[in-house]
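Please walk through this structure with attention to how its rings, helices and strands are arranged.

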Amino acid sequence: MPEHKMTDAAERAVPAGAVASLREVGALFVTEDGAAARTEVVAVESRIDVVLDGAYWASFAASPQDLEDFAYGLLLSHGLISHASEVTSVDVREVEGVLVLDVRRAGLQDARAAVAAPCAYRAACPHAASEAVFPGFEQLACQGEAAGDSAPKLPPHAIFNVSRSLLSQQGMHRATGATHAAVFADREGVVVLMREDVGRHNAVDKLIGVLAREGVDASEGFVYLSSRCALELVAKCARAGVCVVAAVSAPTSAVIDFAEAAGITLCAFAREGRFTVYTHPERLEV
């Protein structure tokens, strides 16, 4: 378990935006016609250690920007806070080359209040661990307007608009081809907030973190994911109060079952002027 003593001489505070998220590297470009040296831009992936209420909690590999949003999103995703106001501070430090998020919650000031670390976000993480990763996983439900009520329905063109405009707004992805995006858009498909990261889970955590910090009503729009709509990603959105999730790629049976039970409208293969609705189509204007 890592130790992060906040008095070490190697420690330094990291101002917001101070850590570069892109880096130039030398590379060799090879074609059938030969090879040539070139400079490539790559996405920076950093180790992020989270210290929660004075005790080490978990480590993540993530893009080193929007880290305060990341901290809030992680705690919301794992049920460790229910509102942004429960976080009293997030300090970003660099300790011996590692970025450390020192997160404090109201009324919890020492290591005795620490909670168990989450299952690492890896493909090898057992699916059966979902309940441990998301407390109350089976009971998650859309906290916004109920399906089929008088809330304005989402027109399909809103999803089409985001899918067509996303790439132009993904600065990191255009530069590197290595990042995922999580977007919150309004009912007309205008992008309100977007977060990018080398990890799709991290991008969603950062998005729901900034939604909470800015007090955005998640039921007033929808989330669009540039990745496959994995079970954990849709569960994170549900916990944040998102009622409509669209993703560029495929769902699995587990995601469909969860979305149906949780009241989430799930749209997949949302690209090139089309999408497939798997659950709760009554929220859509079709």
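In this predicted model, K206 lies over the face of F70, at 5.8 Å from the ring centre. F70 itself is buried, because its relative accessible area is 0%, and it belongs to helix 1, where L67, D69, A71 and Y72 are among the other buried residues. The burial extends along this helix, which spans residues 67–77: ten of its eleven residues are buried, so the rest of the structure largely encloses it. Further along helix 1, the buried residues also include G73, L74, L75, L76 and S77, and the helix is followed by G79, which has a positive phi near 70°.

The ring of F70 also leads to other aromatic residues, for the structure holds three aromatic pairs. In one of them, W57 and F60 have ring centres 6.3 Å apart and planes at 50°, so this pair is tilted. A pair whose planes are over 60 degrees apart counts instead as edge-to-face, and that is the arrangement of F60 and F70, with 5.6 Å from centre to centre and 80° between the planes. Because F60 lies in strand 5 and F70 in helix 1, the latter pair ties together parts that are ten residues apart in sequence. Ring pairs thus link W57, F60 and F70 into a cluster. As for the solvent, W57 counts as buried because its relative accessibility is 3%, and F60 likewise counts as buried because its relative accessibility is 8%. Elsewhere, another charge is placed over an aromatic ring: the charged end of R38 sits over the ring of F29, at 4.2 Å from its centre.

Strand 5, which carries F60, is preceded by a loop that deserves a look of its own. Between strand 4 (46–52) and strand 5 (55–62), this loop contains D53. Is this residue, D53, buried or exposed? At 0% relative accessibility D53 counts as buried, since the cut-off for burial is under 20%. The side chain of D53 is nevertheless not without a polar partner, as a polar contact of 2.6 Å joins it to the side chain of R105.

The path can now turn to strand 12, residues 265–271, which is mostly covered, with five of its seven residues buried. Strand 12 has a parallel neighbour in strand 11 (residues 244–247), to which three bridges join it, and within this pairing V245 stands opposite L266 of strand 12. To pass from strand 11 to strand 12 the chain goes through helix 7 (residues 253–262), and the resulting β-α-β crossover is right-handed. Strand 12 is also joined by four bridges to strand 13 (residues 274–279), and here the two strands run antiparallel. L266 takes part in this pairing as well, its bridge partner in strand 13 being T279. Which residue of the hairpin takes a positive phi? In the hairpin of strand 12 and strand 13, which leaves two residues between the strands, E272 takes a positive phi near 55°. Taken together, L266 has V245 opposite it and T279 as its bridge partner in strand 13.

Methods: Residues are numbered from 1 along each chain as its sequence is written. Side-chain values use heavy atoms; hydrogens and water are left out. Buried means under 20% relative accessible area, exposed over 50%, partly exposed in between (1.4 Å probe, protein chains only). Two strands pair if DSSP finds at least two bridges between them. A crossover is right-handed if, with the strands pointing away from the viewer, the path from the first strand over the helix to the second runs clockwise. A polar contact is a pair of N or O atoms within 3.5 Å; within protein, one must be able to donate a hydrogen and the other to accept it, and residues adjacent in sequence count only if both atoms are side-chain atoms. Rings of Phe, Tyr and Trp (its six-membered ring) pair if their centres lie within 6.5 Å; planes under 30 degrees apart count as stacked, over 60 as edge-to-face and the rest as tilted. A charge sits over a ring if NZ of Lys or CZ of Arg is within 6 Å of the ring centre and within 35 degrees of the ring normal.
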